[in-house]
Amino acid sequence: MPSLLVVGAGLAGLRAVEGARQAGWSGPITIVGDEPHPPYDRPPLSKAALSAEEQPDVPVLRSSEVIEELQVRHLSGVRVDGLDTEQRTVTTSAGDLGYDALVIATGSTATTLPGLTGLPGVHVLRRYDDALAVRGSLARSRHVVIVGAGFIGSEIASAARARGIEVTVVEAGNRPLERAVGPLAAGRLMELHADAGVRLLTRTTVSDVRTSDRGVEEVELSTGETLAADAVVLGIGARPATAWLADSAVALDARSGGVLCDRRLATSAPGVWAAGDVACVDGERSEHWTAAGEQGRVAGANAAGATEVFASVPFAWSTWHGHRIQVVGETTTADEEDHGDGFILYRREGRPVGAVGIDSPGPIARLRRALAAEPAADVRAHMAGAGGVVPARE
Ligand SMILES: Cc1cc2nc3c(=O)[nH]c(=O)nc-3n(C[C@H](O)[C@H](O)[C@H](O)COP(=O)(O)OP(=O)(O)OC[C@H]3O[C@@H](n4cnc5c(N)ncnc54)[C@H](O)[C@@H]3O)c2cc1C
């Protein structure tokens, strides 16, 4: 019986297993992941997990009973190091595994800054174990420096302020969220930080972090200013986790480094699909929950013989200082209009193509439904040339 192998046991990987079973795949399925946990959810890691009084549990995506019903073999703590598409095998830290169909769902790896990797009190936030380390650091800190004013950096800033910590956010760009939303929406979002007492420095980078046995002591900025700090958290983006594909026949996108695939999530190699943060679908990489899950489902279904197309309207959410932020459609290069009540609409040639909402779930839901009702080709045509229709999560 043909076998399906899913590499990466995160959201997209789990959804690929579910998509394959729903599409009628009756053969064996193996999902391999290098983390020691069952597939879990990442959004809580930069929100509830950082504020929790007690150590938070792993936010698993499915109960062990549901995983059992899927009849999937989960190899946890196993790293995949290489792929041979001719032989249809992957090399892993636990030996070789064969496949008939393969779904690549290895997500992405948090970007670090040269010289800062491994310094005590300097963190990234991608995995559950990172969240525990950041939470532990916040519990001991009075001053924190966060590098990057994107979604992740802003969520960490919110969690730190909720603990009464003094927070400085250092952003290299001219304005925050430059790659995600227009200047009007970015301004509104930054007001949330100012109101919550976060100090935001733009066009500024970190030039040095001084540590002692106790951890971080001081952070020196490109402006010459020196900040006393107990911890540094980097929220400066993530790269597709594709090192294991370096010598394989699977083509990667030169710009983003993601696995190139079409709207069916098929890669350049026969029998190989890709989904989630690692995938570059039709020239666009999403780094958001909704797309990762849906791409996983479609990739798994197609690996099982279906002919589905990924055509979801881009959507992302975040929570800052108790405010619900939602981003839908194209919000980078279209014209911005302030509609009041935290709703900023984006138009191209007069037609709505996206929106940013701050505590504005009703209008966002209506626009999301309207965009979803447009023929997929129309939506794509309207969003074409936007330089990545999904706002990046940094
Ligand atoms: C802290 C945080 C907060 C977020 N909050 C939000 C939010 O509020 N809203 C939103 O829309 N999105 C949010 N996101 C984004 C969303 O969680 C991701 O888009 C989603 O998790 C991507 O799923 P994925 O399965 O593609 O990748 P992942 O969830 O990263 O899963 C990939 C898995 O593959 C494993 N892996 C990688 N390489 C290998 C290898 N060589 N061998 C074996 N295993 C490997 C990884 O360890 C990982 O377990 C957040 C992300 C993070 C990190």
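This text walks through the structure, from its domains to its ligand shell and its sheets.

The model is predicted. Its mean pLDDT is 93. Of its residues, 95% reach a pLDDT of 70 or more. One stretch needs care. Over residues 377-394 the pLDDT is below 50. In the model this stretch still has 48 contacts beyond near neighbours in sequence. Where pLDDT is low, predicted coordinates should not be read in detail.

Start with the overall division. The domain assignment gives three parts: domain 1, domain 2 and domain 3. Domain 1 is made of two pieces of the chain, 4-109 and 238-303. Domain 2 covers 112-234, and domain 3 covers 322-383.

Now look at how domain 1 and domain 2 meet. Their C-alpha centres lie 29 Å apart. Domain 1 puts 13 residues into the contact, and domain 2 puts in 14. On the domain 1 side, helix H2 (residues 48-51) gives the largest share, with three residues. That side divides into six nonpolar, five polar and two charged residues.

Next comes the ligand. Where does the shell around the ligand lie with respect to domain 1 and domain 2? It lies between them, because both domains give residues to it. There are 37 residues around the ligand. Gly8, Gly10, Ala12, Gly107 and Gly276 come nearest. Several elements supply at least two residues each to the shell: helix H1 (11-22), strand S2 (29-33), helix H7 (289-303) and strand S21 (315-320). By residue type, the shell divides into 18 nonpolar, 11 polar and eight charged.

Turn to the strands, beginning with S4, S5 and S6. Strand S4 (residues 80-84) and strand S5 (residues 89-92) run antiparallel, joined by four bridges. Val80 has Thr92 in S5 as its bridge partner. S4 and S5 form a hairpin, with four residues between them. In that turn, Arg88 has a positive phi of about 55 degrees. S5 then pairs with strand S6 (residues 95-98), again antiparallel and through four bridges. Here Thr89 stands opposite Gly98 in S6. A hairpin of two linking residues joins S5 to S6.

Move on along the chain to an open sheet of three strands. Its order is S13-S14-S15, and the pairing is antiparallel. Which strands stand at the edges? They are strand S13 (206-212) and strand S15 (226-228). Each has a single partner strand, so one side of each is left without a neighbour in the sheet. From one strand to the next, the twist averages 25 degrees. Six bridges hold the antiparallel pairing of S13 with strand S14 (residues 215-221). Within this pair, Asp208 stands opposite Glu220 in S14.

The last stop is an open sheet of five strands. The order is S21-S22-S25-S24-S23, with antiparallel pairing. S21 and strand S23 (335-338) stand at the edges. Each of these two has a single partner strand, so one side of each lacks a neighbour in the sheet. On average, neighbouring strands are turned by 20 degrees against each other, direction ignored. S21 and strand S22 (residues 323-329) run antiparallel and share six bridges. Phe315 stands opposite Val328 in S22. S21 also ties this sheet to the ligand story: the strand supplies at least two residues of the shell around the ligand.

How values were computed: Residues numbered from 1 in each chain as written. Predicted model: local features only at pLDDT ≥ 70, side-chain atom pairs only at ≥ 80, totals over all residues. Domains from an automatic or database assignment. Contact = placed C-beta atoms within 7 Å. Nonpolar A, V, L, I, M, F, W, Y, C, P; charged D, E, K, R; others polar. pLDDT = per-residue confidence, 0-100. Near = placed C-beta within 6 Å. Pairing = 2+ DSSP bridges. Axes fitted to C-alpha atoms, helices over the stretch in contact; angles between N-to-C directions.
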